[in-house]
Amino acid sequence: MTRYDPGMKVAISLPDEALRRIDDAAAALGQNRSEFFRTAGLKYAVEVEAGALTHRIDQHLARLDGDTRDSWVTARSRAHLAETAEGEDW
């Protein structure tokens with residue numbers, strides 16, 4: 001993992017319409033542009049990380065499907081995930 005200075009500045013390119021919408025959304029939240037990008041970026045990072053975890057869980061469960069020793073564990077795990085993650089595709 002790369003280490004960054006706490007106040008590192010970055011430059012990104014955005015279409016005018018995207019920047020207008022972002023500025024409007026930031027203003028509606030009482031944030032400046034930097035706060036908005038920081039918050040949005042961290043929220044998206046959480047989604048990406050969760051997707052990677054979901055993928056690893058799916059791979060593991062797929063490997064267990066053929067293993068009769070763990071079939072009960074696999075079935076219970078899938079049922080628990082389905083119960084606790086409404087609206088998610090497990």
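**A chat about a three-helix model**

Guide: About 7,900 Å² of the protein is exposed, and 55% of that comes from carbon and sulfur atoms (Shrake-Rupley method, 1.4 Å probe). This is a predicted model, where local features need pLDDT of at least 70, side-chain atom pairs count only at pLDDT 80 or more, and totals for chains, interfaces and linings use all residues. Residues are numbered from 1 along each chain as its sequence is written, and side-chain values use heavy atoms, leaving out hydrogens and water.

Visitor: Which elements does the protein have, from the N terminus on?

Guide: The order is α-α-α, with three helices and zero strands. Helices (H or I, at least four residues) and strands (E, at least two) are DSSP runs, numbered from the N terminus.

Visitor: Is Phe-36 buried or exposed?

Guide: Phe-36 is buried, at a relative accessible area of 17%. Buried means under 20%, exposed over 50%, and partly exposed in between, with a 1.4 Å probe and protein chains only.

Visitor: And where does Phe-36 sit?

Guide: Phe-36 belongs to helix 2, residues 33-64.

Visitor: What is Phe-36 in contact with, leaving aside neighbours within four places in sequence?

Guide: Its partners are Ile-22, Ala-25, Ala-26, Leu-29 and Gln-31; contact means heavy atoms within 4.5 Å.

Visitor: New topic: what does UniProt list for residues 9-40?

Guide: An unreviewed UniProt entry gives "domain: Ribbon-helix-helix protein CopG" there. UniProt positions follow the numbering used here, feature names are shortened, and annotations may be inferred rather than shown by experiment. In the model, that span is 66% helix and 0% strand, and its end C-alpha atoms lie 16 Å apart.
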